[in-house]
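Trainee: Could you show me how to read the aromatic side chains in a model like this one?
Mentor: Gladly, let's look together.

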Amino acid sequence: MLQTTISFRPFLTTDKGEVTKLYRITNNNGAYVEISDLGASIVSLYVPDKTGKLTDVVLSYSTYKGFSEGEEYFGASVGRVAGRIAKGTFTLEGKKYKVATNNGVNHLHGGVNSFSRRIWSSSIEKGKLIMKLTSSDGDEGYPGELTVKIVFTFDDSNTLKIEYYATTNKTTLCNLTNHTYFNLNGEGNPSILDNYLYINADRYLPVDATLIPLGETHSVKDTPFDFRKFKQIGRDIAIPSVQLSRAIGYDHDFIIKDYNRECAVAYSPLTGIKLTCNTTCPVIHLYSGNYVNLKPSETKSHRPYPYRCGFALETQGYNDAINHPDYPQYILHPGETYHTCTTYKFSLI
């Protein structure tokens, strides 16, 4: 049985006067996660540091405008398709589709009105927080009515579990993720470059100048993308590299090698907090917060969020897979159920 309690309170008010909710899932240790129905977004995550102090390790906004317009997607559940689609175009079952180009020439994280911008229906069921959303046929240019459910749990091992489900009435694309930014030094700390990271990946996807995968996977060996042994995120981030230059840091797919081991692990020597990520997805997309730059008035703690003050481990399908037939695909057909599961477990080093 899940030893948790779930409560909620009013959160931010939208431009239309709708009052959103903020749910808190608290375990027997007193650790807790806060999740809003606004974008099915993780807003806070308090876990004990090496002194026993509860420390918030995720970034978030202070205003409705941040959630509805912010390009950082702090904590958000994004879709229909996480990541990029080249030039906002793809062909599915012989028909060409055009979706919004909201990231230069490309489509990013579901488009202008991503799932991250919407209010999800929410409920509490047997110690679980359930978020649901229906995306209509033609929404943001995608075919088919897509029905999505996300199940959040947070147990006594300080493990946040996120399960995604989706069905459709027409063949469509579905690639969902959560876009939480972590700082294991504590939210509001100015940098994650001293956080240590391991990724269970021998290969990654190089990208072009617009951050679309070029095609073939490349070995991480002898590159700044080798996280097969723990290293600080900032150790190699300034090494002269075409790939790092194009992304202004890390903004790349890492191909998970072995699901019998941890997919990724990070930790902070400052707080002693360790994060272990496991997933059923084929990719962890590492983003090193290269474009983050928020003023104190825009952040939940009213502290500035400078460049590289958070990192994301986005578990998902390959970026632009629909335009790369040799990649594992995220095409969803009627009668099928999309299902992935990701866990973020917090402990001490």
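We take ring pairs, then charges over rings, then a surface patch.

Mentor: This is a predicted model, so local features need pLDDT of at least 70 and side-chain atom pairs count only at pLDDT 80 or more, while totals for chains, interfaces and linings use all residues. Residues are numbered from 1 along each chain as its sequence is written, and side-chain values use heavy atoms, leaving out hydrogens and water.

Trainee: How many aromatic pairs are there?

Mentor: Rings of Phe, Tyr and Trp (its six-membered ring) pair if their centres lie within 6.5 Å; planes under 30 degrees apart are stacked, over 60 edge-to-face, and the rest tilted. Here the count is 24 aromatic pairs. Take F182 and F346: their ring centres are 6.2 Å apart and their planes at 50°, so this pair is tilted.

Trainee: Are F182 and F346 buried or exposed?

Mentor: Buried means under 20% relative accessible area, exposed over 50%, and partly exposed in between (1.4 Å probe, protein chains only). F182 is buried at 2%, and F346 is buried at 3%.

Trainee: Which residues do ring pairs link into a cluster?

Mentor: F11, Y61, F67, F74, Y181, Y287 and Y305.

Trainee: Where does the charged end of R24 sit?

Mentor: A charge sits over a ring if NZ of Lys or CZ of Arg is within 6 Å of the ring centre and within 35 degrees of the ring normal. R24 has its charged end over the ring of Y32, 3.9 Å from the centre. For K149, the ring is that of Y165, at 5.1 Å from the centre.Trainee: Which residues form a nonpolar patch on the surface?

Mentor: Patches use residues with over 30% relative accessible area and no salt bridge (a side-chain nitrogen of Lys or Arg within 4 Å of a carboxyl oxygen of Asp or Glu); like charges are joined within 9 Å, nonpolar side chains (Val, Leu, Ile, Met, Phe, Trp, Tyr) within 5 Å. I248, Y291 and Y307 form one, with about 310 Å² of accessible area together (Shrake-Rupley method, 1.4 Å probe; for residues, only the protein chains shown count as cover).
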